[in-house]
Amino acid sequence: MTRSPETPEIAIVGGGIVGLVLAAGLTRRGVQVKLFEQARNFREIGAGIGFTRNTVNCMEKISPGIVRALRSGGSVNVSLDQTDPKAYLRYINGYGIQREDDPMYQKPLLRLDAGVKGWETVRRDQFLDDLVKEIPEGVIHLQKRLSMIVDEEDQDKVVLQFTDGTSVEADAVIATDGIKSTARKLLLGADNPASYPQYSHKVAYRALIPMDKVSAAIGEYKTHKQHMHVGPNAHLIHYPVNTNTIGATVVISDPNNWPLDKPTTARGSRKDVLEALANWSLPVRNLVDLFPEELDQWALFDLAEYPVPKYNKGRVCLVGDAAHASSPHHGAGASFGVEDVLCLCTMIPEQTGQFSREQKVSKGDALRAAFETYDKMRRSRTQWLVNSSRRVCDLFQQPDWANPAKRVKAESCFEEVKDRSFKIWHFDSGKMEEDTIRDYKERIGM
Ligand code: FAD
């Protein structure tokens, strides 16, 4: 693709899922992109991640190569049920022996229908590996850790400085540098509490387990279908991540503090998890028995207490977890980053390029306006997710699940869980694209 001089040069900081999706989308639109990742290699953990239908649609609009990577990474429908191709999220009671004559019985509580192929799950590491292959050569620069951004109003370009002493220039910077974002701190200042993530007082334990073993532990039916087991102070979710592996995550409440300067993972053990789930139902305990004896404990941080007041400043903006890191209880943090990327790709470069070509505004002003529009379109929905994720976790983990007299009250939460889930799953990305263009044009005076 030939580039006109008006086509912006964009620097992306951070090569996680969101940064790579953005790089795929912008390069497809002819934008000159440089992506800077601090690590030596791309790394993702071998755990599961899921995307609902509307996120996959957003990926398709950003670049079909992203969906290709998802599928070649081995994604499967979240329910491997040959008789019903729909993807359901099934909530069941995970606590206690619920039938004396059948210790494997668990009461179904809610079945949410995400539609046919409505939820695709994949191993993160395999998806990321295949996503990298979709990025053209020369775009990715590894071992580049951002330390400073200089965005002077009267200068043509923004300057990025790295810890190795090098620097580069770009027309704008899009920071996808994750929950501990350096760019966020640079934009907001080190004194602003919103510069730092906050501990949500939950820890997660994750495992990938061969399906044949899971089947013997919890039964064939549950093995092939996504299930969320709820109970007092903890919950467990599991789903197939490919045709022979289950991804399982246990989330446990933790009243203690977790200092920000401590690594967010610590060594944990299966024994700790089993102790926390001492009185839970037999299938839950059977499944946890299949976790490795030693495993990582993940402290779950988010940006709920001090949300980022603005996602943009000048020619710099924050996208994905850098802007709105969420706890994972809706399974939608990366999905919302994908929606962010679609919003930006709607404006860059077609719209920004067109205006500067017609010499209505400078390239810099076109990009500043695009980032203002992005902030307006995305901030309230994404901050809602951060709050909602904490809220549903409280509902999943109500202490009342342990009190038979309060069980009916505990169960009354599911209407709310349904509404919150559907707000995520039934997002109208086409309307977001229309609103984005309209707002951007108004801003630019067209
Ligand atoms: P990251 O993946 O954190 O990437 C940031 C990148 O920036 C990293 O590669 C990092 O090395 C780099 N970086 C950082 N600082 C610098 C710097 N100064 N210079 C250069 N590079 C830098 N989401 C879903 O949509 N579906 C799910 O099913 C789901 N399940 C989840 C389950 C769990 C247990 C958890 C914890 C999260 C889950 N999420 C899920 C959320 C999802 O994992 C995150 O939202 C997503 O990974 C964020 O991607 P990102 O690219 O914004 O940030």
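**Strand β10 and its partners**

I started with β10 (residues 158–162) in this predicted model. Its side chains alternate: V158, L160 and F162 point to one face and are buried, while V159 and Q161 point to the other and are not. That fits the textbook pattern, in which side chains of a regular strand alternate between the two faces of the sheet.

Next I looked up who pairs with β10. Strand β9 (residues 146–150) joins β10 through four bridges, running antiparallel. I noted one pair there: M148 has Q161 of β10 as its bridge partner. Strand β11 (residues 167–170) also runs antiparallel to β10, again with four bridges. Here L160 sits opposite V168 of β11. The hairpin of β10 and β11 has four residues between the strands, and in it G165 takes a positive phi near 90°.

**The three-stranded sheet**

I then went to the open sheet with the order β3-β7-β4, where the pairing is antiparallel. Which strands stand at the edges? They are β3 (48–52) and β4 (76–77); each has a single partner strand, so one side of each lacks a neighbour in the sheet. I followed β3 to strand β7 (residues 119–123) and found five bridges in the antiparallel sense. At one of the positions I checked, G48 stands opposite R123 of β7.

**Helices α2 and α3**

I checked how α2 (residues 53–62) meets α3 (residues 64–72). Their axes come within 5 Å and cross at roughly 130°. The two helices are therefore oblique to each other. From α2 the contact uses R53, V56, M59, E60 and I62; from α3 it uses P64, I66, V67, L70 and R71. Sorted by class, I get seven nonpolar, no polar and three charged residues.

**V78**

V78 lies in the loop between β4 and β5 (86–93). Is V78 buried or exposed? Its relative accessibility is 0%, so I logged V78 as buried. Leaving out residues up to four places away in sequence, I listed what V78 touches: A87, Y88, W119, T121, H224, K225, Q226, Y239 and P240. I also took one distance: the C-alpha atoms of V78 and G189 are separated by 42 Å, with their positions 111 residues apart along the chain.

**The eight-stranded sheet**

From V78 I moved on to β5. Seven of the eight residues of β5 are buried, so the strand is largely enclosed by the rest of the structure. What does β5 pair with? Six bridges join β5 to strand β6 (residues 108–116) in antiparallel fashion, and four bridges join β5 to strand β14 (residues 227–231) in parallel. For the β6 side I noted K86 opposite V116; for the β14 side, N93 has V230 as its bridge partner.

These strands belong to an open sheet of eight, in the order β6-β5-β14-β15-β16-β13-β18-β17, with mixed pairing. The edge strands are β6 and β17 (265–269), each pairing on one side only. From one strand to the next, the twist averages 25°. Further along the order, β14 and β15 run antiparallel with five bridges, and G231 has A234 of β15 as its bridge partner.

Two helices that pack on this sheet went into my notes. Helix α13 (residues 363–396) touches β5, β13, β14, β15 and β18 (294–302), and its direction makes about 70° with that of β13. Helix α15 (residues 414–425) touches β5, β6 and β14, and its direction makes about 15° with that of β6.

**Helix α6**

Last, I looked at α6 (residues 211–218). Which residues of α6 are buried? I found M211, V214, S215, A217 and I218. Viewed down the axis of α6, the buried residues fall within an arc of 165°, so they line one face of the helix. On the other side, D212 and A216 are exposed.

What do the buried residues of α6 pack against? My list has β13 (198–210), α7 (220–223), β15 (234–242), β16 (245–253) and α9 (282–288). Just after α6 comes G219, with a positive phi of about 95°.

Conventions: Residues numbered from 1 in each chain as written. Predicted model: local features only at pLDDT ≥ 70, side-chain atom pairs only at ≥ 80, totals over all residues. Heavy atoms only, no water. Axes fitted to C-alpha atoms, helices over the stretch in contact; angles between N-to-C directions. Parallel < 35°, antiparallel > 145°, perpendicular 65-115°, else oblique. Contact = heavy atoms within 4.5 Å. Nonpolar A, V, L, I, M, F, W, Y, C, P; charged D, E, K, R; others polar. Pairing = 2+ DSSP bridges. Buried < 20%, exposed > 50% of the residue type's maximum accessible area, 1.4 Å probe, protein only. Arc of directions from axis to C-beta.
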